[in-house]
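Please look through the structure below with this briefing beside it. The points that follow are grouped by topic, so that each part can be found and followed in turn.

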Amino acid sequence: MNRSIVVLFIFYLLIFTCNGIKVNNENINFKISKNLNFHFEYNFNKDNTAYLNNNSINNNNNNNIKDESKIWVFFNSKETKKSNLLKISKESTKRRINRSSLKSKLNFIDENDLKVTNDYINKILNCSNNKNTIELNHESNWLNSISIKILPSIKNSNDEIIKCITNYSFVKSIDLVLKYKRNTNIKQKLKNNEEEEEEEEEEEEEEEEEEEEEEEEEEKEKEINKNLKITNNIIYNENFYGKTYLGINQLNINKIQELGYNGSGIIILILDSGFYKSHQVFQHLNIIDEYNFVDNIVDTSNNYQGYESSTAHGTATLSLLAAYNPGVMVGAAYGSSVLLAKTEDIRSETQVEEDDWIAAIEWGERLGATLVSSSLGYTDWYKFYQMDGTTRLAKITDIATEKGMLIVNSAGNDGAKGIGSPADGKYVISVGAIDQYEMVAPFSSIGPSADGRVKPDIMGLGVNNYYASPTSYSSYSTGSGTSFSCPLVASGIALLMQAHPNWSPIQIQEALLKTSSNYLKPNIYYGYGIFNAFNAFNYKFNNSFDNNNNNNNNNNNNNCSSKGCSGYGGCCNDICTCAVTHYGEYCQYERIGCNFSQCNNRGGKCQIDKFNQSFICIDFKDNNNNISKYDPRDICPICTNANFNKCGLCGGNESQCILDNERFSGSSNDNQDYDNNNNNNNNISHRNKLIIGLTVGIGGFLLLSISLTLIILKNRNLSKRKNQNNLKLDQINK
């Protein structure tokens with residue numbers, strides 16, 4: 001019996017081992033995915049990712065909308081008269097001038113600051129023929145679009161409504177799923193002198209009101225700092241931070257705090273499910289404004305009868321960011337001012353929450369937010385190959401970055417399944433989770449993005465975090481998730497932004513990535529590594545940016561014409577055209593090669609480019625784009641005196657490119673980089689690899705069976721001889 005058990009154990013061990021060799025990365029991914037439920041908090045069900053019922057998704061070309069449906073309507077023009085210009089706060093204007101990535105910071109007002117034309121909205125709503133079957137959900141000025149809800153109606157066919165909408169010449173497109181569209185044209189309209197005079201008078205009145213409000217805010221902030229008793233006598237150790245000390249010390253945030261920084265002057269926008277503002281850790285907090293985008297009311301602390309507390313998750317994230325209760329818990333950015341936005345509806349999981357997220361970002365930017373902390377993500381209506389920085393949310397983050405606002409977002413809790421959106425954004429700082437021993441949490445979503453950019457970007461403590469609970473005025477709890485590593489990292493970034501008031505989001509991104517623990521060799525698990533706030537604080541820019549940037553400087557000296565493209569790209573019209581191996585504003589970041597098994601497991605396939613490399617995971621059903629058409633050399637002739645070399649670097653340094661070739665032929669990191677020598681192996685189908693694994697397993701089993709049979713026969717012969725010898729001895733003795 002024991003022998004049979006041993007044989008079965010060896011057999012299954014052999015099969016598992018043989019199957020394990022079929023891909024480089026699957027064993028690790030399998031181990032991570034088995035522990036996805038490890039991270040859920042004690043007090044509430046969801047941590048980071050908002051979900052959508054896939055049954056509610058409609059195809060792009062299907063105009064026969066059934067039941068209640070939500071669509072986006074995109075317009076192709078805007079009115080440019082002054083009355084259509086959005087009211088921008090002084091804080092927003094100041095941030096745009098100091099931190100904008102625009103070529104000229106003096107031109108900080110653009111078409112995104114114009115309202116969606118009201119006449120267009122009214123005409124769309126009138127497509128219901130006054131039967132109240134169309135409801136306006138949100139307007140996006142940045143996307144020049146509106147989201148509407150079409151209610152079911154017997155009297156009014158949805159097909160008729162769609163036809164009515166698309167017949168208007170000002171409608172660029174409608175979107176039944178969640179694709180990004182952006183206007184490119186501005187509709188010019190003239191107005192008479194009387195209108196201009198009226199608008200100027202209104203602007204003067206608004207300016208006077210803003211000045212009064214600004215003075216009040218300054219006085220309020222002084223009073224808050226006074227109440228906090230911020231002095232040089234504070235010792236920033238465990239006695240001060242309480243149970244949040246571990247995470248803060250792990251990221252060296254306390255070392256910046258020792259220099260006197262606490263987030264003062266930084267406005268942070270927090271997006272979540274709601275906030276219990278009466279908790280003792282928030283009594284010091286300067287809440288500039290709040291808005292509930294779910295219910296379209298001001299209050300963000302409301303709950304719903306029959307449901308768990310909607311304020312639990314938001315209270316936790318806000319406390320990790322800016323709590324102040326010395327000896328119990330302190331969030332490093334306790335001196336900052338905050339904008340609270342409720343965008344998550346705990347009662348349902350629908351794509352409307354994504355619309356709320358967009359509306360909140362635009363709202364917060366107008367009110368002057370410098371930093372965003374968002375512990376939310378969206379995956380269910382996306383495929384992994386869409387996580388390439390072109391999702392609608394990712395595009396919104398691009399615009400926010402251009403306006404000088406930095407977005408920090410949780411990477412997600414889906415482990416090997418990968419990141420969600422907006423964590424896939426090009427300039428979004430996506431945060432993964434580690435434990436107290438600096439090991440990656442098994443639930444933390446791994447990278448890269450679908451186009452080979454390093455994700456997550458950086459890591460912070462996301463296991464057994466201590467935070468405020470809305471159960472009572474003084475209650476606390478513990479839990480795990482990238483939802484908690486995100487605000488922890490954001491608190492350190494707030495101090496960094498306070499210390500460097502003129503660093504743009506792109507500069508801050510470089511400082512964060514190039515000073516983290518794994519920056520020399522980033523990977524899909526740690527990204528660039530564990531955030532080191534103090535090292536980022538002391539970061540010195542080399543050829544990428546101008547260190548002597550001041551309030552009156554614009555970004556003209558920080559373009560690639562003077563700074564170059566890191567030797568991995570060519571500068572064309574002040575924009576770097578990067579080699580296929582690199583990305584970033586100055587081609588300063590290296591892509592991670594597309595891993596066949598990982599891409600395949602996520603429902604995609606690796607796309608080969610003209611240089612026989614692969615960095616992009618595309619839809620496995622897309623047979624028309626197996627080979628990428630992108631070639632940086634095609635862009636070079638556009639520029640005067642531009643040239644290219646054999647590696648596709650548009651005016652780049654060929655010696656560096658040769659070194660890059662050596663990297664790909666002799667890569668030591670098989671789990672991340674695409675190796676030319678293994679190109680054929682990586683293109684073997686998953687089925688063939690499975691057949692190979694099974695063949696080896698069966699062969700091993702046959703060999704094992706033969707060996708065991710021979711051993712059994714040999715033992716039987718020995719036993720037979722022994723019995724015969726014993727019989728002879730008995731006869732002799734007799």
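In this predicted model, ring pairs link Tyr236, Phe240, Tyr241, Tyr245, Tyr324 and Tyr334 into a cluster. The cluster belongs to a wider set of contacts between rings, since the count of aromatic pairs comes to 24. The bullet points begin with this cluster, and they then turn to charges over rings, to the disulfides, to one helix and to the protein as a whole.

**Aromatic rings**

- Tyr236 and Tyr241 form a pair whose ring centres lie 6.2 Å apart, and because their planes meet at 40°, the pair is described as tilted.
- Phe240 and Tyr241 also form an aromatic pair, but here the arrangement is edge-to-face, with 5.0 Å from centre to centre and 70° between the planes.
- Are the residues of these two pairs buried or exposed? Tyr241 is buried, with a relative accessible area of 0%, while Tyr236 is buried with a relative accessible area of 8%, and Phe240 is likewise buried at 8%.
- The cut-off behind these statements is that a residue counts as buried when its relative accessible area is under 20%.

**Charges over rings**

- Arg347 lies over the face of Tyr304, at a distance of 3.8 Å from the ring centre.
- Arg602 places its charged end over the ring of Phe384, and the distance to the centre of that ring is 4.3 Å.

**Disulfides**

- How many disulfides does the structure hold? The structure holds four of them, and three are described in the points below.
- Cys127 and Cys164 are joined by a disulfide with a distance of 2.1 Å from S to S, and the link is left-handed, with -75° about the S-S bond.
- This pair links distant parts of the chain, for Cys127 is in the loop between H4 and S3, whereas Cys164 is in helix H5, 37 residues apart.
- The two ends of this link can be described by their accessibility: Cys127 counts as buried at 4% relative accessibility, whereas Cys164 is partly exposed, with a relative accessible area of 23%.
- Cys578 and Cys587 form another disulfide, in which the sulfur atoms are 2.1 Å apart; the link is left-handed, with -95° about the S-S bond, and both cysteines are buried.
- Cys594 and Cys606 form a disulfide as well, with their sulfur atoms 2.1 Å apart, and because the torsion about the S-S bond is about -80°, this disulfide is left-handed.
- The pair of Cys594 and Cys606 links distant parts of the chain: Cys594 is in the loop between strand S21 (589-590) and helix H17 (596-601), while Cys606 is in strand S22 (residues 604-608), 12 residues apart.
- Cys594 counts as buried at 7% relative accessibility, and Cys606 counts as buried at 17% relative accessibility.

**Helix H5**

- Which residues of helix H5 (residues 158-166) are buried? Asn158, Ile161, Ile162 and Ile165 are buried in this helix, and they are on the same side of H5 because they cover an arc of only 95° around the axis.
- The buried residues of H5 pack against several elements, namely strand S2 (69-75), helix H4 (118-125), strand S3 (134-140), strand S4 (145-150) and strand S5 (171-175).
- Helix H5 also holds Cys164, the partner of Cys127 in the disulfide described above.

**The protein as a whole**

- The protein contains 20 helices and 23 strands, and of its 734 residues, 53% are buried.
- Among the contacts with a separation of 6 or more, 74% are between residues that are 24 or more positions apart.
- The protein exposes about 33,900 Å², and carbon and sulfur atoms supply 48% of that area.

Technical notes
Residues are numbered from 1 along each chain as its sequence is written. This is a predicted model: local features need pLDDT of at least 70, side-chain atom pairs count only at pLDDT 80 or more; totals for chains, interfaces and linings use all residues. Side-chain values use heavy atoms; hydrogens and water are left out. Helices (H or I, at least four residues) and strands (E, at least two) are DSSP runs, numbered from the N terminus. Buried means under 20% relative accessible area, exposed over 50%, partly exposed in between (1.4 Å probe, protein chains only). Contact means heavy atoms within 4.5 Å. Accessible areas come from the Shrake-Rupley method with a 1.4 Å probe; for residues, only the protein chains shown count as cover. The arc is that of the directions from the helix axis to the C-beta atoms. A disulfide is a pair of cysteine sulfur atoms within 2.5 Å. Rings of Phe, Tyr and Trp (its six-membered ring) pair if their centres lie within 6.5 Å; planes under 30 degrees apart count as stacked, over 60 as edge-to-face and the rest as tilted. A charge sits over a ring if NZ of Lys or CZ of Arg is within 6 Å of the ring centre and within 35 degrees of the ring normal.
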